[in-house]
Amino acid sequence: MKPEETVDYNIKVCWHAISRMYNVQAAQHDITTSIGFVLLNIDSTEGTPATKIAPLLGLEARSLTRILKSMEEKGLIYKMADEKDKRSVRIMLTELGLKKKEVSRQTVRKFNQKVRETIPQEDLDSFFSVISRINGLIESKSVY
């Protein structure tokens, strides 16, 4: 089987193309795709517990720690002790973080809008169904 005939190859190639496209846009605003996705997953007013962000993005805690450190250095976020649970740390957005979150939101929206304008809804429904079933296979651990 040729690589281009495999499911995983096509998913990977497509994701890398999307990621590169997003990185070009993000670089114009001094952020990365990873930072943009983290920003999108932080509640704008209440912040988000640090422990909740990694699972939302499918990241390992170690990877998120590096991204958060970079975001803090760029002035996009700050950490605050949770008022209800002092052991927990909430990630809060700064004013700059809120602006970059909006840039990220608009970038993702524009891409999705263009995809929806170009690809018929029936095809998108099939795509989402197939991707969901592939995820189900993986999560059920029925492959390996």
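Hi everyone. Let me start with a bit of vocabulary: in what follows, Ala, Val, Leu, Ile, Met, Phe, Trp, Tyr, Cys and Pro count as nonpolar, Asp, Glu, Lys and Arg count as charged, and the others, Gly among them, count as polar. With that in hand, please look at the model above, which is a predicted one.

I'd like to begin on the inside. How many cavities of 30 Å³ or more does the count come to? The count gives one. The space in this largest cavity is about 110 Å³. If you want to find it, look for Tyr 22 and Ala 26, then Ile 31, Thr 32 and Thr 33, then Gly 36, Phe 37 and Leu 40, and finally Val 103, Ser 104, Thr 107 and Val 108, which together line the cavity. Now, using our vocabulary, the lining splits into seven nonpolar residues, five polar ones and no charged ones. Which helices supply at least two lining residues each? Those are helix H1 (7-27), helix H2 (33-40) and helix H5 (95-118).

Next, the pockets. The largest pocket holds about 660 Å³ of space. There are 21 residues in its lining, and the ones nearest the pocket centre are Cys 14, Ile 18, Phe 111, Phe 127 and Ile 131. By class, you'll find 17 nonpolar residues there, with two polar and two charged. Helices H1, H5 and H6 each bring at least two residues to that lining.

Let's move on to the second largest pocket, with a volume of about 370 Å³. Lining it we have Val 7, Asp 8 and Ile 11, then Ile 131, Ile 134, Asn 135, Leu 137 and Ile 138, and then Lys 141, Ser 142, Val 143 and Tyr 144. H1 and H6 each supply at least two of these residues. Which helix gives the largest share? That is H6, with five residues. The classes here come out as eight nonpolar, two polar and two charged.

Stay with Leu 137 for a moment. This residue sits in helix H6, which covers residues 121-139. Is Leu 137 buried, partly exposed or exposed? Leu 137 is partly exposed, because its relative accessible area is 44%, and partly exposed covers what lies between under 20% for buried and over 50% for exposed. Leu 137 also belongs to a nonpolar surface patch of about 510 Å², together with Ile 138, Val 143 and Tyr 144. You have met those four names already, since Leu 137, Ile 138, Val 143 and Tyr 144 are among the residues lining the second largest pocket.

For a contrast, find Leu 68 in helix H4, residues 61-73. Leu 68 is buried, with a relative accessible area of 5%. Its C-alpha atom is 41 Å from that of Met 1, and the two residues are 67 apart along the chain.

Now for the charged pairs. The structure has four salt bridges, and I'll walk you through some of them.

One joins the side chains of Asp 30 and Lys 74, with 3.5 Å from N to O. Why does this pair tie together parts 44 residues apart in sequence? Because Asp 30 is in the loop between H1 and H2, while Lys 74 is in the loop between H4 and strand E2 (77-81). Asp 30 counts as exposed at 52% relative accessibility, and Lys 74 is partly exposed at 32%.

Another salt bridge is found within helix H4. Here Lys 69 pairs with Glu 73, and their closest N and O atoms are 3.0 Å apart. These two residues are separated by about one helical turn, because they are four residues apart in helix H4. Both ends are exposed: Lys 69 has a relative accessible area of 52%, and Glu 73 comes in at 60%.

The last one I'll show is in helix H5, where Arg 105 and Glu 102 are three residues apart, about one turn of the helix. Their closest N and O atoms are 2.9 Å apart. Arg 105 is partly exposed at 31% relative accessible area, and Glu 102 is partly exposed too, at 34%.

So, to recap our tour: we saw one cavity with no charged residue in its lining, a largest pocket of about 660 Å³, and a second largest pocket of about 370 Å³. Thanks for listening!

Key:
Residues are numbered from 1 along each chain as its sequence is written. This is a predicted model: local features need pLDDT of at least 70, side-chain atom pairs count only at pLDDT 80 or more; totals for chains, interfaces and linings use all residues. Side-chain values use heavy atoms; hydrogens and water are left out. Patches are made of residues with over 30% relative accessible area and no salt bridge: like charges are joined within 9 Å, nonpolar side chains (Val, Leu, Ile, Met, Phe, Trp, Tyr) within 5 Å. Accessible areas come from the Shrake-Rupley method with a 1.4 Å probe; for residues, only the protein chains shown count as cover. Buried means under 20% relative accessible area, exposed over 50%, partly exposed in between (1.4 Å probe, protein chains only). On a 1 Å grid over the protein atoms alone, a cavity is a set of points where a 1.4 Å probe fits but cannot get out, and a pocket is an open set with protein on both sides within 12 Å along at least five of seven lines; lining residues have an atom within 4 Å of a point. Grid points are joined across faces, edges and corners, and a volume is the space filled by probe spheres set on the points.
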